[in-house]
Amino acid sequence: MKTAVLVDPTALVSTDSYGSPDFIERGYYLDFPFTCVSCGSEEVWTATQQKWWYEVAKGALDSGAKHCRTCRRDARQQKGIAHPLQNIQNWFSLVRDDLGPALLTAGWHPVVGDGESRPTLLSYNRGDVLVRFRWDFSSLHSSRPAVILEYRAAIDAAFQTLVQIQCDLSNMTHGELQRRFDSLLADARYELGLGAKS
Ligand SMILES: [Zn+2]
């Protein structure tokens, strides 16, 4: 059963810079189911909450529900508390902890020296084949580097990208960082033949 709550257009912030959102056209707010971008849980942004957001809190008309209640509470509590994944140095030691044993079992060896053990690289080889995790800061926003898993079939071959994951270290919530990291591990495990994709 959906609840409808009337819109008071005079209480909204100026609509000049936006297209007209659905609820203005319709004249009332409806309960709005959405999926949390951080944890993927299903949540409902109720009609009453929307009225409060747009008319009392004067929320921008193009803003809406993105994070579930739990993730928003976590984000508030996390303010000022660092998460290990906010420090790029920690990513590869966590990757090494997680994938290292399976890589060794599969015949891969960690590469030390030859420039492959820099903090922005984590490399393994098996014969002439090299795979490595690499931070890439060449994207437009340096606060949003990418982690790339790449593969080189022979010493004189070019690297090919197997997995690429974008990170916004300063703006992503802890849950989002963790989810991005977990998907990096899952994709890497799959691409390296270390296990099924979860
Ligand atoms: Zn959530």
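Is arginine 132 buried or exposed? Select arginine 132: the residue is buried, with a relative accessible area of 11% (buried is under 20%, exposed over 50%, partly exposed in between, with a 1.4 Å probe and protein chains only).

The model is predicted, so local features need pLDDT (the predictor's confidence in each residue, from 0 to 100) of at least 70, side-chain atom pairs count only at pLDDT 80 or more, and totals for chains, interfaces and linings use all residues. Residues are numbered from 1 along each chain as its sequence is written, and side-chain values use heavy atoms, without hydrogens and water.

Add glutamate 150, which forms a salt bridge with arginine 132, the closest N and O atoms being 2.7 Å apart (a side-chain nitrogen of Lys or Arg within 4 Å of a carboxyl oxygen of Asp or Glu). Arginine 132 lies in strand 7 (residues 129-136) and glutamate 150 in strand 8 (residues 146-152), so the pair ties together parts 18 residues apart in sequence (strands are DSSP runs of E, at least two residues, and helices of H or I, at least four, numbered from the N terminus). Glutamate 150 is buried at 4% relative accessibility. Extend the selection to Arg134 and Asp136, which join Arg132 and Glu150 in a network of salt bridges.

Next, select aspartate 98 and arginine 189, whose salt bridge has its closest N and O atoms 2.5 Å apart. Aspartate 98 is in helix 4 (residues 88-105) and arginine 189 in helix 5 (residues 174-191), 91 residues apart.

Finish at helix 3 (residues 69-78), which contains arginine 76. Arginine 76 is exposed, at 57% relative accessibility. Confidence is lowest in helix 3, at a mean of 81.
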